Amino acid sequence: MTSSNIAAIQKCVSNTLDGSAIGENLIAGVIGDAPSHYSKSPRLWNAAFRHLAMNATYLPLDVADAQVGNLLAALKDSDGFLGVNVTVPHKLRVMDYLDELDPGAEKIGAVNTIVRSADGRIVGYNTDGEGFIESILTCQPDRAESFVSSLKGMNVLLLGAGGSARAVAVHVADLLHGGQLIICNRTSERASSLAAEVQKIGCHAVAIGESKLTAHAPKAGLIVNCTTKGQSGVRKLPNGAAIMLEPYSSLAPAHPAQFPKTFLPETDADAKRRAVAARDIDANNLCSMALARCIPSETRFYDLIYHPEETVFLRHGRLTGHPTMNGKSLIINQAVIAFCKRICNAELQARGVDTPETRKQILEVMYRVW
């Protein structure tokens, strides 16, 4: 990676890149609004590079909406660029700047992995859905057995109908074989749209509103939270206000209070937000716990969120005797797929180590450094 390449990339991102640390290394990274503040990907990928003795560095790249195209152009022009992962809010936006879109990513309608090919073209993929399936159907390093033995004939309830739900839905639908996909969303129109797309690929899917959860949740063998209910931190809204979702369960409706921007910097702001929203939080939590008690104990609760490690949804599942799993495994498995099958695949093939054993090693390495 030349100094001019690094300078061109630096112009497009808001966080500072350490050119001396990059040196002559190949680079990969993650692009999002502010991955330098929260992403675990650099830790996971750089550990994998060290394990394989690859001269490569993985960087967080904080990029504003208006700079996404310029950043991808700068990366594309860099011979030392391997590829990037893509996180919120750019999974749709990057599609406008790619030379090619993998059919799987096209079906999902979002990209979370971009690879620079040998001829300098940039190609978009999506590893989220495949990572989810791996996380539940294969035995993970921190578990004695797989979270789910099989999806065949199972009813799966998805909470949410956004980009993450779409990736999960497309991959789950292929494996139900007689089961049903139930998609619940706050706005029923989005749930209906996703259900219609799933039906096109031959899976029985139904859309429901949150008022129907009590009727459908007890019939599911797996419940997957694909919403942001339960996620830590403050979620900023386009109007400049903010909401707090961590105290809420995705198993019940929520009407979080909006707070003005000036409310954010105060040291005791979190406690104040909770106090203002206490009535709605209590109503949500009571409804969620009551429903969790009515769901058969063998039903599994899975949350795509990994921070906090146990959301209210998962806590209610655990307290009512259900097996639970958070999004850590998804994040790691989609990273392993992106590393071994996409971004670093050419390097692994050149070394003659593009094998299941290498993939197993990378999975274990990423789990260790999490």
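**Note on the predicted model: pockets, helices and backbone features**

1. Helix 15 is the leading contributor to the lining of the second largest pocket, giving three residues. The model discussed here is a predicted one. Strand 3, strand 5, helix 14 (328–343) and helix 15 (345–351) each provide at least two residues of this lining. In total 13 residues line the second largest pocket, and those lying nearest its centre are Leu82, Arg116, Ser117, Ala118 and Ala346. The volume of the second largest pocket is about 230 Å³.

2. Strand 5, one of the contributors to that lining, spans residues 113–116 and includes Thr113. Is Thr113 buried or exposed? With a relative accessible area of 0%, Thr113 is buried, the cut-off for this class being under 20%. Setting aside residues up to four places away in sequence, Thr113 touches Val84, Asn85 and Val86, as well as Val123, Gly124, Tyr125 and Thr127, and also Ala338, Arg342 and Ile343. The side chain of Thr113 also forms a polar contact of 3.1 Å with the side chain of Asn112.

3. Helix 4 (41–51) is mostly covered, with eight of its eleven residues buried. The buried residues of helix 4 are Ser41, Pro42, Leu44, Trp45, Asn46, Ala47, Ala48 and Phe49. The elements that cover them include strand 1 (26–32), strand 2, strand 3, helix 14 and helix 16 (356–369). Strand 3 and helix 14 thus appear in this cover and also in the lining of the second largest pocket.

4. Just after helix 4, the backbone takes a positive phi of about 55° at Ala53. Ala53 belongs to the loop between helix 4 and strand 2 (56–62). Its relative accessibility is 58%, so Ala53 counts as exposed, the threshold for that class being over 50%. For context, most residues other than glycine have a negative phi, and most peptide bonds are trans.

5. His177 also has a positive phi, of about 45°, although it is not a glycine. His177 is located in the loop between helix 8 (163–173) and strand 8 (180–184). A relative accessibility of 52% places His177 among the exposed residues.

6. Why is helix 8 described as largely enclosed by the rest of the structure? The reason is that eight of the eleven residues of helix 8 are buried. These are Ala165, Arg166, Ala167, Val168, Ala169, Val170, Val172 and Ala173. The buried residues of helix 8 pack against helix 6 (103–108), helix 7 (128–137) and helix 9 (188–200), and against strand 7 (155–159) and strand 8. Strand 8 therefore has two roles in this description: it packs against helix 8 because the buried residues of helix 8 meet it, as part of that enclosure, and it ends the loop that holds His177.

7. Two cis peptide bonds deserve attention on inspection of the model. The peptide bond from Val88 to Pro89 is cis, with omega near 5°. Pro89 sits in the loop between strand 3 (81–86) and strand 4 (100–101). His307 and Pro308 are likewise joined by a cis peptide bond, with omega about 10°. The loop between strand 13 (300–303) and helix 13 (312–319) contains Pro308.

8. Helix 12 covers residues 278–294, 17 residues in all, and reaches 25 Å from its first C-alpha to its last, close to the expected 24 Å at 1.5 Å a residue. Which residues of helix 12 are buried? They are Asp280, Ile281, Asn284, Asn285, Ser288, Met289, Leu291 and Ala292. These residues lie on the same side of helix 12, because they cover an arc of only 165° around the axis. The face turned away from this buried side carries the exposed residues Arg279, Leu286, Arg293 and Cys294.

9. Ile281, one of the buried residues of helix 12, also belongs to the lining of the largest cavity. The other residues lining this cavity are Met244, Pro247, Tyr248, Pro256, Ala257, Phe259, Arg273 and Ala277. The largest cavity has a volume of about 40 Å³, and the count of cavities of 30 Å³ or more comes to one.

Note on methods:
Residues numbered from 1 in each chain as written. Predicted model: local features only at pLDDT ≥ 70, side-chain atom pairs only at ≥ 80, totals over all residues. Heavy atoms only, no water. Helix = DSSP H or I, 4+ residues; strand = E, 2+ residues; numbered from the N terminus. Expected span 1.5 Å × (residues − 1). Buried < 20%, exposed > 50% of the residue type's maximum accessible area, 1.4 Å probe, protein only. Arc of directions from axis to C-beta. Polar contact = N/O pair within 3.5 Å; in protein donor to acceptor, adjacent residues only side chain to side chain. Contact = heavy atoms within 4.5 Å. 1 Å grid on protein atoms, 1.4 Å probe; cavity = no way out; pocket = protein on both sides within 12 Å on 5 of 7 lines; lining within 4 Å. Points joined across faces, edges and corners; volume = space filled by probe spheres on them.
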